[in-house]
Amino acid sequence: MNSIIKDINLAQAGNYKIDWVSKHMPVLNALAEEMEQEQTFAGKKIVATIHLEAKTAYLALVLKRAGAEVSVTGSNPLSTQDDVCAALVERGVKVFATYDCTAEEYDYYLLCALDAEPDILIDDGGDLVNLLHSKKRQLLANIIGVTEETTTGVHRHRALESSGQLCVPIVAVNDSYCKYLFDNRYGTGQSTWDGIMRTTNLSIAGKNVVVAGYGWCGKGVAMRAKGLGANVTITEIDPIKAIEAVFDGFRVMTMLEAAKIGDIFVTVTGNIDIIRAEHFAVMKSGAILANAGHFDVEISKTDLNTITIEKKIARNNIEQYLLIDNRIIYLLAEGRLVNLAAGDGHPAEVMDLSFAMQCVAARYLLQNAGKLENRVYVLPRELDLMVARLKLATDGIIIDNLTEKQNEYMLRA
């Protein structure tokens with residue numbers, strides 16, 4: 001099937017965006033040259049569901065340069081950029097995505113992309129793998145493997161593995177050091193506040209910011225909020241992470257207590273109903289809610305709508321809820337990923353590492369085709385180190401190496 005996009009005439013604007021980020025992704029550029037020479041994916045079909053903006057578009061083009069036939073679709077209706085989609089189609093990538101598509105259209109686009117009968121999948125959140133194990137089981141026999149970008153997706157895949165239902169090998173790219181240490185922490189930290197500040201045009205300094213979840217993404221969001229001058233409170237269910245947050249200088253309390261003092265709330269847990277009825281009931285009028293988790297389930301819109309007498313658009317990507325007691329609560333980007341639905345996502349330099357790991361993971365699957373069991377894998381550490389060394393080299397940074405004596409000492413220790 002041909003592509004489904006908004007308007008091919010938007011391609012020029014999309015090309016500007018892609019060309020800009022390509023100049024700031026040196027690791028991916030180095031891998032692109034290497035894989036183009038060896039034609040790593042010649043004759044292979046790769047289908048990816050990714051946030052369709054400039055950096056992910058460039059990943060698709062790198063895979064195409066390496067010989068793959070590439071089809072892509074969006075992993076979130078509000079993160080798709082129509083001009084970038086048009087640019088990809090102009091450059092020979094099949095695209096099935098439009099901004100702000102309906103849930104039905106979103107599912108249809110996923111199915112259209114899978115009609116390419118792929119050899120390798122790049123998943124972002126687990127939707128492609130879910131379809132493979134439900135509506136598209138006939139494709140399973142041809143699948144070499146899947147790479148997964150997100151924490152949420154890895155959780156879904158491991159649940160399939162635990163239940164004995166996983167039918168393909170999956171590489172959890174998200175669990176590689178060069179992904180989560182930088183993408184989840186520094187990428188999410190910066191891009192979340194980029195999205196919030198761009199959307200609200202408000203200062204963060206002096207405000208009470210509540211961050212739900214202190215995993216790697218939560219650490220990044222909290223760190224950047226602190227740097228912007230906010231008073232930061234963490235809510236957690238893990239006692240060890242809660243202690244870590246305290247030692248990092250943050251207040252820790254329950255969401256019910258935090259709800260009473262928060263000016264801005266950011267959920268980043270990967271779970272449902274983190275902010276719900278009892279929390280809305282005690283919030284200040286004017287509280288701002290944002291989500292940086294993969295799905296729009298962390299802030300209960302069902303509970304919020306139940307106590308709302310009027311809802312309207314206060315500003316682009318800001319919904320204003322007038323509650324039955326005349327308090328007002330603001331929800332950003334429909335509770336979807338605020339950094340992508342209301343921003344451009346992670347910085348190019350951060351995604352350079354993440355997408356280098358995606359390329360390495362896809363090549364690893366191809367090199368080990370038929371040898372891997374149907375389970376979730378983490379890439380060998382030497383591949384993490386290879387990407388890290390490449391990053392240092394492209395930045396002109398030289399680090400020490402162990403002397404022979406030091407190496408022998410460590411081996412004896």
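**View 1. Tyr177, Tyr180 and Trp216 form one aromatic cluster.** The model shown here and in the views that follow is predicted. Within the cluster, the ring centres of Tyr180 and Trp216 lie 5.6 Å apart with 40° between the planes, and this aromatic pair is tilted. Because Tyr180 belongs to helix α8 and Trp216 to helix α9 (residues 216-227), the pair ties together parts that are 36 residues apart in sequence. Five aromatic pairs are counted in the model. The pair of Tyr177 and Tyr180 is also classed as tilted, because the centres of its rings are 5.5 Å apart and the planes meet at 35°, and the two tyrosines are separated by about one helical turn, being three residues apart in helix α8 (residues 177-200). Tyr180 is buried, at a relative accessible area of 15%, whereas Tyr177 is partly exposed at 41% and Trp216 is likewise partly exposed at 32%.

**View 2. Lysine charges sit over the aromatic rings of Trp216 and Phe250.** The charged end of Lys219 is placed over the ring of Trp216, at 4.9 Å from the centre of that ring, and Trp216 is the residue that also pairs with Tyr180. In a separate arrangement, the ring of Phe250 has the charged end of Lys226 over it, at 5.3 Å from the ring centre.

**View 3. Helix α16 (residues 381-394) has buried residues on one side and exposed residues on the other.** The helix contains 14 residues, which at 1.5 Å a residue should span 20 Å, and the end C-alpha atoms are 20 Å apart, in agreement with that expectation. Leu383, Asp384, Val387 and Lys391 are the buried residues to follow in this view; they share a side of α16 because the arc that they cover around the axis is only 110°. Glu382, Arg389 and Ala393 are exposed on the other side of the helix. The packing partners of the buried residues of α16 are α2 (26-38), α8 and α15 (348-367), and one of these, α8, is the helix that holds Tyr177 and Tyr180. After α16 comes Gly396, which has a positive phi near 70°.

**View 4. Helix α2 lines one face with its buried residues.** For the 13 residues of α2 a span of 18 Å is expected at 1.5 Å a residue, and the end C-alpha atoms are 19 Å apart, which agrees. Val27, Leu28, Leu31, Ala32 and Met35 are buried, and, seen down the helix axis, these residues fall within an arc of 135°, so they line one face of α2. The exposed residues Glu33 and Gln37 are carried on the face turned away from that buried side. Among the elements that cover the buried residues of α2 are α3 (54-65), α15 and α16. Just after the helix, Gln39 adopts a positive phi of about 50°.

**View 5. Seven strands with parallel pairing make up an open sheet.** Read across the sheet, the order of the strands is β3-β2-β1-β4-β5-β6-β15. The edges are taken by β3 (94-96) and β15 (376-377), each of which has a single partner strand, so one side of each is left without a neighbour in the sheet. Farther in, strand β1 (residues 45-50) runs parallel to strand β2 (residues 69-74) and is joined to it by six bridges; in this pairing, Thr49 has Thr73 of β2 as its bridge partner.

**View 6. Asn201 and Asn317 have positive phi values although neither is a glycine.** Phi of Asn201 is near 55°, and this residue is found in the loop between α8 and β7 (208-212), where it is exposed at a relative accessible area of 59%. Asn317, with a phi of about 70°, is found in the loop between β12 (308-315) and β13 (318-323), and its relative accessibility of 19% makes it count as buried.

Conventions
Residues numbered from 1 in each chain as written. Predicted model: local features only at pLDDT ≥ 70, side-chain atom pairs only at ≥ 80, totals over all residues. Heavy atoms only, no water. Phe/Tyr/Trp six-rings, centres within 6.5 Å; stacked < 30°, edge-to-face > 60°. Helix = DSSP H or I, 4+ residues; strand = E, 2+ residues; numbered from the N terminus. Buried < 20%, exposed > 50% of the residue type's maximum accessible area, 1.4 Å probe, protein only. Lys NZ or Arg CZ within 6 Å of the ring centre and 35° of its normal. Expected span 1.5 Å × (residues − 1). Arc of directions from axis to C-beta. Contact = heavy atoms within 4.5 Å. Pairing = 2+ DSSP bridges.
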